[in-house]
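Me: I would like to understand how the words used for a protein are justified. Please set each value against its definition and then draw the conclusion.

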Amino acid sequence: MITLITVSDSWNHFTQAIKEYEKRLSKTVRIIEIAPEKSIHPHIIVKKETERIIQCIEKSKGPIFLCDE
């Protein structure tokens, strides 16, 4: 199983397409959306989002691949 963890506040413009792909790939892909942290300090945002991502990774099984823009 592949787990895709994404930090995103809204995929509204992709909702229908995402649901279709989740249906097609439901046995092999699980998508976890993490809401973005809100703060004026970027280092706090990065720290808190990283902590939540790590929690998800710790629950996942299998290889880990990190992607960043």
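Me: How far apart in helix α1 are Glu20 and Arg24, and what makes a stretch a helix?

Reply: Glu20 and Arg24 are four residues apart in helix α1, which is about one turn of the helix. A helix is a DSSP run of H or I with at least four residues, while a strand is a run of E with at least two, and both are numbered from the N terminus. Helix α1 covers residues 15-25. This is a predicted model, in which local features need pLDDT of at least 70 and side-chain atom pairs count only at pLDDT 80 or more, whereas totals for chains, interfaces and linings use all residues. Residues are numbered from 1 along each chain as its sequence is written, and side-chain values use heavy atoms, with hydrogens and water left out.

Me: Why is the meeting of the side chains of Glu20 and Arg24 called a salt bridge?

Reply: The term asks for a side-chain nitrogen of Lys or Arg within 4 Å of a carboxyl oxygen of Asp or Glu. Between Glu20 and Arg24 the N to O distance is 2.9 Å, which is within the limit, so the pair qualifies. Lys23 also forms a salt bridge with Glu20, with the closest N and O atoms 3.5 Å apart, and these two residues of helix α1 are three residues apart. Glu20, Lys23 and Arg24 are thus linked in a network of salt bridges, and the structure holds four salt bridges in total.

Me: What makes Lys23 count as exposed, and is Glu20 exposed or partly exposed?

Reply: Buried means a relative accessible area under 20%, exposed means over 50%, and partly exposed lies in between (1.4 Å probe, protein chains only). Lys23 has 59% relative accessibility, which is over the upper limit, so Lys23 counts as exposed. Arg24, with 60%, is exposed for the same kind of reason. Glu20, at 30%, falls in between and is therefore partly exposed. Leu25, which is also found in helix α1, has 36% and is likewise partly exposed.

Me: How do you know that Glu51 and Lys47 form a salt bridge, and where do they lie?

Reply: The closest N and O atoms of Glu51 and Lys47 are 2.8 Å apart, and this is within the limit for the term, so the pair is a salt bridge. Both residues lie in helix α2 (residues 42-59), four residues apart, about one turn of the helix. Lys47 is exposed at 52%, whereas Glu51 is partly exposed at 37%.

Me: Why does Glu49 have no salt bridge?

Reply: Glu49 is found in helix α2, and Lys and Arg count as positive while Asp and Glu count as negative (His and the chain ends are not counted). The nearest side chain of opposite charge to Glu49 is Arg52, which is 4.9 Å away; that distance does not come within the limit, so no salt bridge is assigned. Glu49 is nevertheless buried. Contact means heavy atoms within 4.5 Å, and Glu49 touches Val7, Pro36 and Glu37, not counting residues up to four places away in sequence.

Me: What is the order of the elements along the chain, and how many residues does the chain have?

Reply: The chain has two helices and two strands, and from the N terminus on they run β-α-β-α. Buried residues make up 9% of the 69 residues. Of the contacts with a separation of 6 or more, 67% join residues 24 or more positions apart.

Me: How do you know that the prediction is confident, and where is confidence lowest?

Reply: The pLDDT is the predictor's confidence in each residue, from 0 to 100. The chain averages 83, and 96% of the residues score at least 70. Confidence is lowest in α1, at a mean of 81, and highest in α2, at 91. Where pLDDT is low, the predicted coordinates should not be read in detail.
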